[in-house]
Amino acid sequence: MGCLALNASFEPLTILPVERALRLVLERKAEVLEADDARIFRSERSRIACPLVIRLKRYVHVPRRFRRQVTNTFLFARDGYRCQYCLRHRGTLRGREFLTRDHVHPLSRGGENVWENVATACSPCNNRKGNHLPEECGMVLHTSPREPNYVELVWAVRRVTDVQAKYIAMFYGEEVLEALRRHDREAQTRDAEHSQDGERHLALLS
């Protein structure tokens with residue numbers, strides 16, 4: 001479990017490793033807002049409960065381009081780790097198949113590497129599409145690419161505790177918090193499905 005780091009403005013920034021959060025607190029660069037008293041860290045001179053939420057004492061400016069930079073990690077999370085053409089989940093890909101970044105409007109034809117022009121595609125679908133528009137090769141993009149809310153983007157690949165969630169809701173509102181909880185529910189459902197698939201596969205082999 002990590003520690004939720006807030007800007008001085010209470011804006012959620014990221015989830016930090018607990019060790020990094022402790023260092024910021026000990027260096028007086030951050031204050032602890034929520035802690036787990038059941039987990040205690042000790043040093044020669046201090047005793048501190050495990051921080052769950054910290055707030056930076058000085059405001060850190062985060063340029064917008066770094067907030068929503070397109071990376072495969074966040075792209076795949078935005079799309080639920082599912083090919084947007086055939087809708088296969090990464091857990092069902094076989095052999096040498098893998099998820100890729102597809103530019104809906106190809107770069108070579110004037111497309112841009114922006115959220116509204118990228119989609120998750122399995123390697124077979126990406127190879128099939130090649131340098132074409134989806135409609136040119138009889139493919140259907142099942143969702144319209146969009147730029148995700150920053151907090152959706154960051155927490156799409158991480159889990160947050162109930163204590164941390166209330167600070168997200170405080171800054172972004174209940175609507176965004178519900179989006180995060182929906183991500184968690186969908187991830188748990190996918191994990192359960194994949195676990196069942198694995199058990200069935202093992203049963204067939206035995």
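## Phe 10 and Leu 87: positive phi

Buried means under 20% relative accessible area, exposed means over 50%, and partly exposed is what falls in between. With that cut-off in hand, Phe 10 counts as partly exposed because its relative accessibility is 31%. Keep in mind throughout that this is a predicted model. Phe 10 sits in the loop between strand E1 (3–6) and strand E2 (12–16). Its backbone is worth a look: phi of Phe 10 is near 75 degrees, a positive value in a residue other than glycine. For context, most residues other than glycine have a negative phi.

Leu 87 also has a positive phi, near 70 degrees, and again the residue is not a glycine. You'll find Leu 87 in the loop between helix H3 (72–78) and E5. At 36% relative accessibility, Leu 87 is partly exposed.

## Cysteines without bonds

How many disulfides does the structure hold? The count is 0. Take Cys 50: it is in no disulfide, and the nearest cysteine sulfur, that of Cys 3, is 7.3 Å away. Cys 50 is buried, with a relative accessibility of 0%.

Now for Cys 86. Which cysteine has the sulfur closest to that of Cys 86, and why is there no bond? The partner is Cys 83, and the two sulfurs are 3.7 Å apart, which is too far for a bond, because a disulfide needs the pair of sulfur atoms within 2.5 Å. As for its surroundings, Cys 86 is partly exposed, with 33% relative accessible area.

## Thr 100 and its contacts

Thr 100 belongs to strand E5, which covers residues 99–103. Is Thr 100 buried or exposed? Thr 100 is buried, because its relative accessible area of 13% falls under the 20% cut-off.

Which residues does Thr 100 touch, once its neighbours within four places in sequence are left aside? Phe 76 is one of them, and the others are Ala 119, Thr 120, Ala 121, Cys 122, Ser 123 and Asn 126. With Asn 126 there is also a polar contact between the side chains, at 2.6 Å.

## Salt bridges

Side chains of opposite charge can pair when their charged atoms come close. Across the whole structure, a search turns up 7 salt bridges. One of them pairs the side chains of Glu 34 and Lys 166, at 3.0 Å from N to O. Glu 34 lies in strand E3 (residues 30–42) and Lys 166 in helix H6, so this pair ties together parts that are 132 residues apart in sequence. The two ends differ in accessibility: Glu 34 is buried, with a relative accessible area of 19%, whereas Lys 166 is partly exposed, with 47%.

Glu 136 and Arg 109 make another salt bridge through their side chains, at 2.9 Å from N to O. Here Glu 136 is in the loop between helix H4 (123–129) and helix H5 (150–155), and Arg 109 is in the loop between E5 and strand E6 (118–122), so the pair ties together parts that are 27 residues apart in sequence. Glu 136 is partly exposed at 41% relative accessible area, and Arg 109 is partly exposed at 36%. Then there's Arg 78, which forms a salt bridge with Asp 79, with the closest N and O atoms 2.9 Å apart. Arg 78 is buried, with a relative accessible area of 14%, and Asp 79 is buried too, at 11% relative accessibility.

## Helix H6 and what follows

Back to helix H6, which spans residues 162–172. Which residues of H6 are buried? They are Gln 164, Ala 165, Tyr 167, Ile 168 and Ala 169. Lys 166, the salt-bridge partner of Glu 34, lies in this helix as well. From Lys 166 to Leu 177 there are 11 residues in sequence and 8.3 Å in space, C-alpha to C-alpha. Right after H6 comes Gly 173, which has a positive phi near 100 degrees.

## Aromatic rings

How many aromatic pairs does a search of the whole structure find? The answer is 0. A ring does take part in another kind of arrangement, though: Arg 90 lies over the face of Tyr 81, at 4.0 Å from the ring centre.

Note on methods
Residues are numbered from 1 along each chain as its sequence is written. This is a predicted model: local features need pLDDT of at least 70, side-chain atom pairs count only at pLDDT 80 or more; totals for chains, interfaces and linings use all residues. Side-chain values use heavy atoms; hydrogens and water are left out. Helices (H or I, at least four residues) and strands (E, at least two) are DSSP runs, numbered from the N terminus. Buried means under 20% relative accessible area, exposed over 50%, partly exposed in between (1.4 Å probe, protein chains only). A polar contact is a pair of N or O atoms within 3.5 Å; within protein, one must be able to donate a hydrogen and the other to accept it, and residues adjacent in sequence count only if both atoms are side-chain atoms. Contact means heavy atoms within 4.5 Å. Rings of Phe, Tyr and Trp (its six-membered ring) pair if their centres lie within 6.5 Å; planes under 30 degrees apart count as stacked, over 60 as edge-to-face and the rest as tilted. A charge sits over a ring if NZ of Lys or CZ of Arg is within 6 Å of the ring centre and within 35 degrees of the ring normal. A salt bridge is a side-chain nitrogen of Lys or Arg within 4 Å of a carboxyl oxygen of Asp or Glu.
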